[in-house]
Amino acid sequence: MNILTTLTETVSAAFAKRGYDAAYGGVTVSNRPDLCHYQCNGALPAAKAKKVNPLVIAGEIAEELRGDSRFASADAAPPGFVNLRLSDAFLTSLLCDMAADKRLLLPLMERRTIVMDYGGPNVAKPLHVGHLRSAIIGDSMVRLSRFLGHAVIGDIHLGDWGLQMGLVIAEMEERGLDAGDVSLDDLNEIYPAASARSKTDASFAEKAAVRTAELQSGDPALRAVWERLRATSVEGLRRSYDQMEVFFDRWYGESDADRFIPPVIDILRERGLLRESEGALVVDVALPEDKEPMPPMMVQKTNGAYIYGTTDLATLYQRKRDFDPDEVWYFTDNRQSLHFKQIFRCAEIAGILSGGGKNAVCRHFPFGTVNGKDGKPYKTRDGGVMRLSDLIDSVTSNALEKVKSSDIEIEEAETGVIARQLGMAALRVGDMQNHRTKDYIFDMDRFLATEGKTGPYLQYTAVRIRSVLVKAAGFKPGAILPPASDTERDLMLCMPLVPDALLRAFADKAPSAICDVLFELAGRFNRFYFEHKILQHPDEERRASWLSLLSLTDRLLTVLLGILGVEVPAHM
RNA sequence: GCCCCGGUAGCUCAGGGGAUAGAGCAUUCGCCUCCUAAGCGAAGGGUCGGACGUUCGAUUCGUCUCCGGGGUGCCA
């Protein structure tokens with residue numbers, strides 16, 4: 001059980017016992033660590049409701065809690081705070097329990113089947129930083145959800161069936177290229193060129209639209225070309241995702257949903273939801289209570305081709321049929337918020353997600369834009385889109401320089417692996433320390449810096465701990481003892497907050513909560529480490545306790561970093 | 001036009017009705033005869049964009065406003 005829930009239950013019971021609403025018993029980590037470890041502010045609103053002095057209520061609650069041996073103190077403070085300090089004995093036994101439990105005292109949650117969509121790469125375009133965000137947030141949510149007990153199916157959902165394919169095919173025709181001749185690099189050049197051309201050349205744009213419609217209607221020659229292009233692209237995508245250690249259980253694409261478009265259209269037609277509008281087929285999804293504009297969702301374009309809304313709907317149909325999930329989660333750019341609202345509503349109205357006594361819930365978890373130092377979307381120096389593969393290469397080579405200039409001697413053979421681990425940690429933590437929903441500024445130098453709140457800092461902390469544990473191989477770890485200093489207590493007090501951070505990250509789909517607790521834990525450990533010379537300590541029992549505390553710290557760091565997809569290097 | 005999301009220290013960001021608004025970077029000053037100094041400590045630095053309102057209490061909630069970003073049917 002996590003500490004905040006436990007304490008909230010205790011304090012709520014105290015409120016109830018004194019005749020107040022138990023809902024006032026919410027406990028939070030104190031914002032005045034000099035005064036207490038945890039606090040409850042509920043006496044203030046409780047007093048407001050009853051029109052009495054809040055300090056009196058706080059006093060009653062504190063008195064109620066004072067007999068509880070888990071607290072070293074329970075005090076009322078003006079104007080009406082209840083301040084709680086944990087006893088060293090309770091804190092120590094809590095950590096002993098934590099050390100003995102593989103799951104860090106977190107029970108498995110009720111198992112849900114969740115399909116997660118965190119890829120969305122376009123097979124005609126190279127990966128860029130936007131895909132990085134989707135990939136690492138999604139990947140972390142997969143790892144976290146599995147840790148908490150859920151069944152997750154990660155799907156890359158390739159963008160392989162839209163206008164982008166028609167554009168590429170049309171451009172290849174113009175250049176007289178055969179699909180077999182097109183390499184990954186060619187493909188990465190052809191699409192932007194075709195996209196640009198379509199904006200100035202109307203007849204070319206028309207041709208691309210026609211090719212798209214033909215491909216979607218099953219033209220065998222185009223299908224063959226498309227298959228070749230797709231294979232070339234997927235090979236490159238796999239390489240990038242593998243480098244990042246982002247994994248998917250399914251490599252389905254929009255094209256795999258194509259065969260489910262007819263049944264979906266049938267459902268929409270049977271239910272009388274389809275309407276012709278300006279030559280296209282649309283479904284009305286607006287509700288009377290909508291405050292924001294809610295245009296109808298387009299299902300079929302004037303020229304008969306389908307667009308991403310249609311394939312997304314068909315994909316939902318497929319997911320319901322194949323996985324019968326409880327939930328479907330999407331991690332994409334927040335610019336697609338309206339789009340997802342539309343398809344979720346459409347799916348709901350059409351009943352695509354119901355059946356078998358289970359109604360799948362769809363949720364979009366949007367994220368902000370990755371910007372450069374100028375605050376505008378991240379670009380290369382010459383203003384082009386920064387390719388993810390270039391970015392990874394660049395961060396890895398920067399990391400390699402740092403590894404080579406390290407004070408620690410590292411074998412030549414290891415440097416490459418460590419550089420990749422550091423580079424990916426820099427990218428992942430650099431991204432995820434920002435709240436998911438916000439834009440952030442991408443600054444590789446800062447992410448990879450020697451000092452600061454970075455992925456490598458967290459890794460370094462774990463590396464130091466492991467180094468001590470290796471050197472301590474001759475000593476036996478023993479039971480964790482009550483803290484011998486303030487810095488040790490501070491370290492210990494941080495540990496029960498780890499399960500809460502995981503639950504918060506899950507509730508908000510925000511890995512930044514995990515980063516927060518990691519920096520707190522690592523910072524407190526480094527202070528402890530600086531102050532106490534573990535291996536030199538004369539008292540055997542104390543030393544044994546510290547070794548156990550180190551092991552627990554290491555395990556907490558490793559679990560948290562593992563959920564963020566960050567590995568701990570052997571040396572650094 | 002309408003609708004979303006931001007504006008907190010020089011920079012990058014936390015916090016989100018309550019106690020003295022916190023980190024990291026940068027700046028200045030300290031700490032390796034001792035387990036990895038990619039570490040630790042200290043100092044300076046804030047009218048929480050602006051105005052009004054609700055409240056015992058607002059950086060946090062509401063209204064308006066300024067600035068920035070995004071969305072608003074045949075791209076994804």
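## Reading a predicted model of chain A

Biologist: What does the secondary structure of chain A come to?

Modeller: Chain A has 21 helices and 13 strands, and the model in which they are found is a predicted one. Its C-alpha atoms fill a box of roughly 80 × 65 × 45 Å along the principal axes, and buried residues make up 43% of the 572 residues.

Biologist: Why is Lys-51 called exposed?

Modeller: Lys-51 has 6 other C-beta atoms within 10 Å, and a residue with 12 or fewer counts as exposed, so Lys-51 falls under that term. Lys-51 is found in the loop between helix H2 (43-50) and helix H3 (54-66).

Biologist: And what makes Glu-278 exposed?

Modeller: The reasoning runs along similar lines. Glu-278 has 7 C-beta neighbours inside 10 Å, where the limit for an exposed residue is 12 or fewer, and therefore Glu-278 counts as exposed. Its place is in the loop between strand E7 (274-277) and strand E8 (280-283).

Biologist: What is the phi of Lys-51, and what is the phi of Glu-278?

Modeller: Phi of Lys-51 is near 55° and phi of Glu-278 is near 50°, each being a positive value in a residue other than glycine. Most residues other than glycine have a negative phi. Glu-245, just after helix H9, also takes a positive phi, of about 55°.

Biologist: Which peptide bond is cis?

Modeller: The bond that joins Pro-78 and Pro-79 is cis, with omega at about 0°. Most peptide bonds, by contrast, are trans. Pro-79 lies in the loop between E3 and E4, and a hairpin joins these two strands through three residues.

Biologist: How do you know that strands E3 and E4 pair?

Modeller: Two strands pair if there are at least two bridges between them, and strand E3 (residues 71-77) is joined to E4 by six, running antiparallel; therefore they pair. Within this pairing Phe-71 stands opposite Leu-86 in E4. Strand E2 (residues 38-40) is also antiparallel to E4, with three bridges, and Tyr-38 has Leu-84 as its bridge partner in E4.

Biologist: Why are the buried residues of helix H4 said to be on the same side?

Modeller: The buried residues of H4 are Leu-91, Thr-92, Leu-94, Leu-95 and Met-98. They cover an arc of only 160° around the axis, which puts them on the same side of H4. On the other side, Ala-89, Asp-97 and Ala-100 are exposed. What covers the buried residues includes strand E4 (81-86), helix H18 (486-494) and helix H21 (540-563), and E4 is itself mostly covered, five of its six residues being buried.

Biologist: How do you know that the span of H4 is close to what is expected?

Modeller: Helix H4 (residues 88-100) has 13 residues, and the expected span is 1.5 Å times one less than that number. This gives 18 Å, and H4 reaches 18 Å from its first C-alpha to its last, so the two values agree. For helix H9 (residues 220-244), with 25 residues, the reach is 36 Å and the expected value is 36 Å. The buried residues of H9, including Trp-226, Leu-229 and Tyr-241, pack against several helices, among them H5, helix H14 (388-404) and H15.

Biologist: What makes H5 roughly perpendicular to H15?

Modeller: The axes of helix H5 (residues 129-147) and helix H15 (residues 412-432) come within 10 Å and cross at roughly 85°. Angles of 65 to 115 degrees count as roughly perpendicular, so the crossing of H5 and H15 earns that description. Where they meet, the residues of H5 include Leu-132 and Ile-136, and those of H15 include Leu-427 and Met-432.

Biologist: Why do strands E6 and E11 stand at the edges of their sheet?

Modeller: Four strands form an open sheet in the order E6-E5-E10-E11, and the pairing is parallel. Strand E6 (151-155) and strand E11 (361-364) each have a single partner strand, so one side of each is left without a neighbour in the sheet. Neighbouring strands are turned by 20° against each other on average, direction ignored.

Biologist: How do you know that E10 and E11 pair?

Modeller: Strand E10 (residues 327-330) and E11 share four bridges in the parallel sense, where at least two are needed, so they count as paired. Here Glu-327 stands opposite Val-361 in E11.

Technical notes: Residues are numbered from 1 along each chain as its sequence is written. Chains are lettered from A and ligands numbered from 1 in the order in which they are written. This is a predicted model: local features need pLDDT of at least 70, side-chain atom pairs count only at pLDDT 80 or more; totals for chains, interfaces and linings use all residues. A residue is buried if 20 or more other C-beta atoms lie within 10 Å of its own, exposed if 12 or fewer, and partly exposed in between; C-beta atoms are placed from the backbone. The arc is that of the directions from the helix axis to the C-beta atoms. Two residues are in contact if their C-beta atoms, placed from the backbone, lie within 7 Å. Axes are lines fitted to C-alpha atoms, for helices over the stretch in contact, and angles run from 0 to 180 degrees between N-to-C directions. Angles under 35 degrees count as roughly parallel, over 145 as roughly antiparallel, 65 to 115 as roughly perpendicular and the rest as oblique.
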